[in-house]
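Hello,

Here is the structure I promised to pass on to you. Have a look at it first, and then read on for what turned up in it.

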Amino acid sequence: MRRIYVDHAATTPFHPEVTEAMLPYLGVRFGNPSSIYSEGREARKAVEEARARVAKALGADPGEITFTSGGTEADNLAVLGVARANRERGNHIVTTAVEHHAVLEPCHYLEREGFEVSVLPVDGAGLVDPGEVRRAIRPSTLLVSVMHANNEIGTVQPIEEISAMCREAGVYLHSDAVQTVGALEVDVNRLGVDLLSVSAHKLYGPKGTGCLYARRGTKLEGIILGGGQERRLRSGTENVAGIVGFGVAMKLAAEEWEQRSDHVRPLRDRLIAGILEGVPHTRLNGDRERRLPNNVNVLFDFIEGEAICLRLDFQGIAASTGSACSSESGEASHVLLALGIPQQKAHGSLRLTLGRENTDEDVDYLLEKLPPVIEELRRMSPLYPG
Ligand SMILES: *Cc1c(COP(=O)(O)O)cnc(C)c1O
């Protein structure tokens, strides 16, 4: 059966150029980058070439890039690493209610180490008010962490305005850009961030690789201790094949982000219009304008998103309710709750996130299959008045 993958916010398929570049490092090129003989030097060269590519794609210097095991570790390193390295300067962190758990969990963990955390609310579209950020900053504030775009609802935050405020206050700004690299322009100097997280598998690269950008001079300490790799910020033998794949994925993202966005945006707009017009008792989650070009997130009254996804899977469609992480816990999404959506309704969401391989025919198929699935589930729902 035909399969349509519309869950690119969860992970993306490999770009063929990424796979091709990685293959030698899964075979004959197995050296350890820290070894001094030729196999090691070859691996070191590959890692440094990838670092240069990643840095260039972000408008950064290679020395500002630390390879990690992905977005989660980059977020953890930013929050824990800045907090612990700057403890003598203060104990306060500002973040938002819609951050990924990879930011929220380390923030809350730090509360046990005596740090204080302010979690800012968002408006009904998921936007953070830069004025709220300014008001939350205290003399003891070390770090502000606001994501570039949300992985569930696609809302893009006003990072430039927030960074201007942080700079004025002398506070570090971290941004989780896992969902925006390859979809929007992500230039660390234009955004004005001090730290930025990236994950390879969200941009057609391999799982288990990513990086943290940290502006030169940022006081940061490692959270994984050992052999002192990555300028002591991330011990552990480098994932050479993964890093090589990440480097190629970043090069392609920098070259193609505009083209990719122009490809998915009209597909997204057709999906949003088609669903909202074709299915009653439905609303769009997230901001209509300040939105990732590939994100559709809709709330269907009276039914559960999980049930919709299962039925869609039988029709050959891979979609999700929101974040892959919250689907296991069975709890309503913290992001939807932060928008002010009541607990019971928040279970009725469906997220479709498009990618470079999706087509107009995919959208036709989705718009053909989805309305009857919703109708059928609603007919079985005791909540449904119609
Ligand atoms: C996927 C994701 C992460 C986690 O990245 P991994 O590489 O899977 O650890 C962090 N933040 C956001 C916004 C994400 O979408």
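How much of the protein do buried residues make up? They account for 59% of its 386 residues. Please keep in mind as you read that this is a predicted model.

**The whole protein**

You will find 12 helices and 12 strands in the protein. Its radius of gyration is 21 Å, close to the 21 Å that the globule rule gives for 386 residues, so the protein is as compact as a globular protein of that length. Along the principal axes, the C-alpha atoms fill a box of roughly 70 × 55 × 35 Å.

The contacts are worth a look too. Taking those between residues at least 6 apart in sequence, 74% join residues at least 24 apart.

As for the surface, the protein exposes about 16100 Å², and carbon and sulfur atoms supply 51% of that area. Its side chains include 42 positive and 53 negative ones, with the centres of the two sets 3 Å apart.

**Helix H6**

If you would like one helix to start with, try H6, which covers residues 159-169. Its buried residues are Ile159, Ile162, Ser163, Met165 and Cys166. Why can we say that they line one face of the helix? Seen down the axis of H6, they fall within an arc of 160°, so they share a face. The general background is that an α-helix has 3.6 residues a turn, so residues three or four places apart point the same way.

What do the buried residues of H6 pack against? Their partners are two helices, H5 (130-136) and H7 (188-191), together with two strands, S5 (141-145) and S6 (172-176). On the other side of H6, Arg167 and Glu168 are exposed. Just after the helix comes Gly170, which takes a positive phi of about 70°.

**Ala102**

The last stop is a single residue, Ala102, found in helix H4 (residues 101-111). Is Ala102 buried or exposed? Its relative accessibility is 6%, and buried means under 20%, so Ala102 counts as buried.

Which residues does Ala102 touch, leaving aside its neighbours within four places in sequence? It is in contact with Thr72, Asp75 and Asn76. Asp75 is 27 residues away from Ala102 along the chain, yet the C-alpha atoms of the two are separated by 5.8 Å.

Happy exploring, and best wishes

Note on methods
Residues numbered from 1 in each chain as written. Predicted model: local features only at pLDDT ≥ 70, side-chain atom pairs only at ≥ 80, totals over all residues. Heavy atoms only, no water. Helix = DSSP H or I, 4+ residues; strand = E, 2+ residues; numbered from the N terminus. Rg over C-alpha atoms; globule rule 2.2 N^0.38 Å. Buried < 20%, exposed > 50% of the residue type's maximum accessible area, 1.4 Å probe, protein only. Contact = heavy atoms within 4.5 Å. Areas by Shrake-Rupley, 256 points an atom, 1.4 Å probe, with all protein chains shown as cover. Lys, Arg positive; Asp, Glu negative; His and termini not counted. Charge placed at Lys NZ, Arg CZ, Asp CG, Glu CD. Arc of directions from axis to C-beta.
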